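Open the model in your viewer and keep the selection panel at hand. The tour goes from one element to the next.

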Amino acid sequence: MKEHEDSVDKMDWFVNRYLKWMEKYKDIIDLPETIEDYYTEEEINMICRCVETECFECNFDSKCNVASIILNRDNDDGFDGSIIDIITQDDPVQFAYGRKVVSYDTYLAVRYAFEIDDTTDGCLFFENTSSDIHRLSYDYVFTDESGHKFFRYREVILV
């Protein structure tokens, strides 16, 4: 399913190829797990609100990146609680999630991050370009088109 990597537009590939293919063959193949199979409607809504807030007016790829961070934290042993606990942690504040209206492409980006690809290659942290809080404690990986900088745990080599 890595055909999408050759496509310039992830959202176009996801909607016009992947989702259409899944719909076409749903009665004859065992479909892969979707985000709706794993999370409740309330949890999906909170993930989408967070991505919409953190990436308002950003492109699909940037939304996939933030969605990947949230999903990576949920799958990492270093973060406790439900997906909602991870998003709403307030000491220190981890994510903004104030927007109540979510665009369809934000929902699609969250689905893409869950169903297709972790677009951050395992990153667990991000920040905007006006901040350098994570630079000292974590390994910098990349900056996306929206200006978010992505980080993962610093590798410790024991000798």
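Start with the sheet. This is a predicted model, and in it three strands form an open sheet in the order 1-3-2, with antiparallel pairing. Select residues 125–127 for strand 1 and 138–143 for strand 2; these are the edge strands, and each of them pairs on one side only. Look along the sheet to see the turn between neighbours: on average, neighbouring strands are turned by 30° against each other, direction ignored.

Next, add strand 3, residues 149–153, to the selection. Strand 3 runs antiparallel to strand 2, and five bridges join the two. To find one place in this pairing, pick Y140, whose bridge partner in strand 3 is F151.

Now bring in helix 4. This helix packs on the sheet and touches strand 1, strand 2 and strand 3. The direction of helix 4 makes about 145° with that of strand 1. Select residues 60–74 to show helix 4 whole.

Keep helix 4 displayed and add helix 6, residues 104–115. The two helices pack at an angle of about 50°, and their axes are 8 Å apart. Helix 4 and helix 6 are therefore oblique to each other. The crossing in which helix 4 passes helix 6 is right-handed. Which residues make this contact? From helix 4, show F60, K63, C64, A67, S68 and L71; from helix 6, show D105, T106, L108, A109, V110, Y112, A113 and F114. Coloured by class, the contact of helix 4 with helix 6 has 10 nonpolar, two polar and two charged residues.

Hide helix 6 and select helix 3, residues 41–54. The axes of helix 3 and helix 4 come within 9 Å and cross at roughly 135°. That angle makes helix 3 oblique to helix 4. Helix 3 passes helix 4 in a right-handed crossing. On the helix 3 side, show I47, C50, V51, E52 and E54, which meet K63, V66, A67, I70 and L71 in helix 4. By class, the contact of helix 3 with helix 4 has seven nonpolar, no polar and three charged residues.

For a last view, show helix 3, helix 4 and helix 6 together and select K63, A67 and L71. These residues of helix 4 are among those that meet helix 3, and they are also among those in the contact with helix 6. Then bring back the sheet, on which helix 4 packs.

Key: Residues are numbered from 1 along each chain as its sequence is written. This is a predicted model: local features need pLDDT of at least 70, side-chain atom pairs count only at pLDDT 80 or more; totals for chains, interfaces and linings use all residues. Side-chain values use heavy atoms; hydrogens and water are left out. Axes are lines fitted to C-alpha atoms, for helices over the stretch in contact, and angles run from 0 to 180 degrees between N-to-C directions. Helices (H or I, at least four residues) and strands (E, at least two) are DSSP runs, numbered from the N terminus. Angles under 35 degrees count as roughly parallel, over 145 as roughly antiparallel, 65 to 115 as roughly perpendicular and the rest as oblique. A crossing is left-handed if the near helix is turned anticlockwise from the far one by less than a right angle, and right-handed if clockwise. Contact means heavy atoms within 4.5 Å. Ala, Val, Leu, Ile, Met, Phe, Trp, Tyr, Cys and Pro count as nonpolar, Asp, Glu, Lys and Arg as charged, and the others, Gly among them, as polar. Two strands pair if DSSP finds at least two bridges between them.
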